[in-house]
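Thank you all for making the time this morning. I would like to walk you through one structure, starting from a single helix and working outwards, so please have the view in front of you as I talk.

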Amino acid sequence: MSETPDCPSPRPTHIGLVLEQVRRHADIEPAALAYRTGVDIEYVTGVLLGTRFPSRRFILRYARACCADTQVLLRVWEDEHERRLSSVGD
C-alpha cells in the first residue's frame with residue numbers, strides 16, 4: 001500500500017472529523033498531540049481541521065498518543081486513502 005504524500009487536501013477530509021472526535025474523547029490538546037506524535041502544531045491543526053490528509057505513519061502515532069484503537073483508525077485512513085486515489089483517476 002502506498003503512502004499519500006503529506007500535502008494540503010483539495011477538499012475537507014472525513015478522517016479529520018474522526019481524529020478530532022478521538023482527540024476530544026482522549027481530552028488531549030492539539031499542542032500535546034504535536035509533541036507526542038513528533039510533528040509540528042500546524043500539521044496537527046491541518047489534519048484536525050480536515051485541510052491536510054495525514055500520513056499512515058502519523059495515524060499510527062496518533063492512535064498511540066490518544067490510546068485509541070490503531071486498527072480502527074487505520075481502516076478509516078485506508079478507506080479515505082482509496083477514495084482519494086480513485087477520485088484522482090476520475
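Helix α4 covers residues 56–66, and its buried residues are F58, I59, Y62, A63, A65 and C66. If you look down the axis of α4, those buried residues fall within an arc of 160°, so they line one face of the helix. The face turned away from that buried side carries R57 and R64, both of them exposed. Just after the helix comes C67, and there the backbone phi is positive, near 55°. I should say at this point that what we are looking at is a predicted model, and that the values I quote are computed from it.

Let me step back to the chain as a whole. The secondary structure comes to 5 helices and 0 strands, so reading from the N terminus the order is simply α-α-α-α-α. The protein chain has 90 residues, and 40% of them are buried. Its accessible surface comes to about 5500 Å², and carbon and sulfur atoms account for 54% of that area. As for the contacts, if we take those with a sequence separation of 6 or more, 68% of them are between residues 24 or more positions apart.

Next, the pair formed by α2 and α3. Helix α2 spans residues 30–37 and helix α3 spans residues 41–49, and their axes come within 8 Å of one another while crossing at roughly 115°. The crossing of α2 past α3 is right-handed. On the α2 side the residues that take part are P30, A31, L33, A34 and T37, and they meet I41, V44 and L48 on the α3 side.

One residue of that set deserves a little more time, namely T37, which lies in helix α2. Is T37 buried or exposed? With a relative accessible area of 2%, T37 is buried, since the cut-off for that class is under 20%. And which residues is T37 in contact with, once we leave aside its neighbours within four places in sequence? The answer is V44, F58, R61, Y62 and A65. Of these, V44 is one of the α3 residues that α2 meets, whereas F58, Y62 and A65 are among the buried residues of α4 that I began with. For another way of placing T37 against α4, take I59, which is 22 residues away from T37 along the chain: the C-alpha atoms of the two are separated by 9.1 Å.

I will turn now to the charged side chains, where the structure holds 4 salt bridges. In one of these R24 is paired with E20, with the closest N and O atoms 2.8 Å apart. Both residues sit in helix α1, residues 14–26, and being 4 residues apart they are separated by about one helical turn. The two partners differ in their surroundings: R24 counts as exposed, at 54% relative accessibility, while E20 is buried, with a relative accessible area of 15%. This pair also belongs to something wider, in that E20, R23 and R24 are linked in a network of salt bridges.

In helix α5, residues 70–89, the residue to follow is R75. Which side chains does R75 meet in a salt bridge? One is that of E78, at 3.7 Å from N to O, and another is that of D79, at 3.2 Å from N to O. R75 and E78 are 3 residues apart in the helix, and R75 and D79 are 4 residues apart, and for each pair the separation is about one helical turn. In terms of exposure, R75 is partly exposed at 48% relative accessible area, and D79 is likewise partly exposed, at 31%, whereas E78 is buried, at 18%.

To draw this together, I would keep two views in mind: the buried face of α4, with its residues within an arc of 160°, and T37 of α2, in contact with V44 as well as with F58, R61, Y62 and A65. I am happy to go back to any part of the view.

Note on methods. Residues numbered from 1 in each chain as written. Predicted model: local features only at pLDDT ≥ 70, side-chain atom pairs only at ≥ 80, totals over all residues. Heavy atoms only, no water. Buried < 20%, exposed > 50% of the residue type's maximum accessible area, 1.4 Å probe, protein only. Contact = heavy atoms within 4.5 Å. Areas by Shrake-Rupley, 256 points an atom, 1.4 Å probe, with all protein chains shown as cover. Arc of directions from axis to C-beta. Axes fitted to C-alpha atoms, helices over the stretch in contact; angles between N-to-C directions. Left-handed = near helix turned anticlockwise from the far one by under 90°.
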